[in-house]
Each structure stands twice: as structure tokens, then as C-alpha cells.
Amino acid sequence: MSSSSLFAEWGEAVEVDALTRVRDGTRRLHRQLDRESSLRRLASPDCSLTQYRAALVPLARAYARVDRLLIAGESFRPVGLVPYRARSPLIGPALVALVGRPRPLVPADACRPIDSKAAYLGCRYVIDGAQFGHAVIARALAGSELAGALSTQALSFWRIRFLAPDEWRGLCRRLANMSTRAEAAAVTLSARRIFELFKRCFAQAETEVSN
């Protein structure tokens with residue numbers, strides 16, 4: 001019986017492949033965020049300073065909210081998974097280097113607290129997996145005109161490796177071997193909520209600009 005099977009012959013729980021489920025369950029939201037928000041411009045070699053600022057502000061807002069969620073949910077972090085490294089202290093200096101003191105963050109909309117190990121893992125999957133997108137952005141920015149126009153501080157966030165390769169593989173192994181179908185579903189639901197949070201932050205920023 002494969003590790004993705006849901007139940008053994010007599011009904012007892014077996015390992016459930018939540019990794020495949022969360023990838024499939026978030027693919028559309030991930031694509032929308034990458035292609036339909038201002039974030040997409042960061043991976044373009046002709047990204048302008050205005051476009052860079054327009055993407056960094058909502059990104060900082062989203063990470064501030066995620067930081068609060070994961071720090072509050074620390075008790076659900078599985079033993080052996082490296083502690084979460086807050087993003088706000090790292091993206092904040094880049095934002096200040098770009099726009100000076102940014103406007104206060106818009107009060108957070110209601111975000112469901114992390115209430116289980118599965119929900120914690122779903123959130124970490126999205127946030128820690130984002131470092132691979134960051135690497136793409138770092139390469140694009142290094143080859144753009146912005147590299148010469150911006151300080152190292154304004155660009156350094158994209159080069160940070162939040163999880164080492166073996167730590168990322170360890171997180172994926174946890175997801176590939178969840179205990180029950182309910183846990184696998186909770187991982188996917190949590191991951192979807194994080195993508196939706198990012199989408200709301202970017203949509204909100206676009207509304208502010210248009211107004």
C-alpha cells in the first residue's frame with residue numbers, strides 16, 4: 001500500500017501524503033498571486049523603482065500578519081522543525097531604505113489562529129517555500145537597472161535563506177507522512193488561508209493607490 005493511501009484494510013489510519021494534497025490544493029491560488037498581483041513585476045528584469053515599491057509595501061504587510069500568526073502558534077511547532085524566523089525585522093529595513101518610514105500598517109483583518117500542528121505546518125509550507133520565489137526575484141533584480149539604483153540593504157531580503165536544503169526536505173517529509181486524512185486536509189486549508197491573506201494584502205494596496 002502506498003504512503004498516499006488513506007486507510008488500511010481494517011480502517012486504521014496510515015500515512016497520508018499531505019504534500020501532494022497541499023500542492024494540488026494551492027496551485028491555483030499560488031498562480032494567481034504570482035501572475036495577477038504586483039509581485040509578478042519583481043521577477044521581471046525591467047522592474048521599475050515604482051513597481052518595486054508597490055510590491056514591497058503589501059508584501060511587508062502580509063509578512064507582518066504571518067509573523068503574528070506563527071509566533072502565536074509556536075506551541076504547535078513539531079519537535080525537530082527549526083523555529084520560525086520572523087520576516088518583518090528583515091524586510092522592514094529594506095522598506096525603510098526605499099520609502100523612509102512607511103505608513104502604519106492597516107489593521108489586520110481577522111486571521112484564524114493556528115490551532116493544530118497540521119495548521120502550523122500548512123503555514124510554514126507556504127512561507128518557507130516562498131524562499132524559492134525569493135531566489136528567482138534576487139536573480140532578476142541582480143540583472144536589472146535597480147541593482148545599481150538601490151542600496152544593498154534595499155535588496156538584501158531576497159537573498160536570505162530561511163531554511164537550509166535539508167531543513168526544507170525535512171518539512172516536506174513531514175507533510176508526505178501525515179497520520180490521518182483530517183490532518184492532511186487541515187494542512188491544505190491552512191496553506192490556502194495564507195495564500196488568500198497575501199492576495200488580500202496586495203489587492204488592498206492596489207485599492208489604496210487607485211483611491
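Aspartate 128 sits in helix 4, the stretch covering residues 117-142. Keep in mind that what you're looking at is a predicted model. So is this aspartate buried or exposed? Aspartate 128 counts as buried because its relative accessible area is just 1%, and the cut-off for buried is under 20%. And which residues does aspartate 128 touch, once its neighbours within four places in sequence are set aside? Its contacts are Arg87, Leu163, Trp168 and Leu171.

Now for the cysteines. Cysteine 47 is buried, with a relative accessible area of 5%, and cysteine 172 is buried too, at 10%. A disulfide is a covalent bond that links the sulfur atoms of two cysteines. How many disulfides does the model have? The count is 0, going by a limit of 2.5 Å between cysteine sulfur atoms.

Here are the three buried residues side by side:

| Residue | Relative accessible area |
|---|---|
| Aspartate 128 | 1% |
| Cysteine 47 | 5% |
| Cysteine 172 | 10% |

Stepping back to the whole protein, you'll find 8 helices and 0 strands. Going along the sequence, that reads α-α-α-α-α-α-α-α. The protein has 211 residues, and 43% of them count as buried.

What about contacts that reach along the chain? Take the contacts between residues at least 6 apart in sequence: 80% of these join residues at least 24 apart. As for the outside, the accessible surface comes to about 10900 Å², and carbon and sulfur atoms account for 55% of that.

Definitions and conventions
Residues are numbered from 1 along each chain as its sequence is written. This is a predicted model: local features need pLDDT of at least 70, side-chain atom pairs count only at pLDDT 80 or more; totals for chains, interfaces and linings use all residues. Side-chain values use heavy atoms; hydrogens and water are left out. Helices (H or I, at least four residues) and strands (E, at least two) are DSSP runs, numbered from the N terminus. Buried means under 20% relative accessible area, exposed over 50%, partly exposed in between (1.4 Å probe, protein chains only). Contact means heavy atoms within 4.5 Å. Accessible areas come from the Shrake-Rupley method with a 1.4 Å probe; for residues, only the protein chains shown count as cover.
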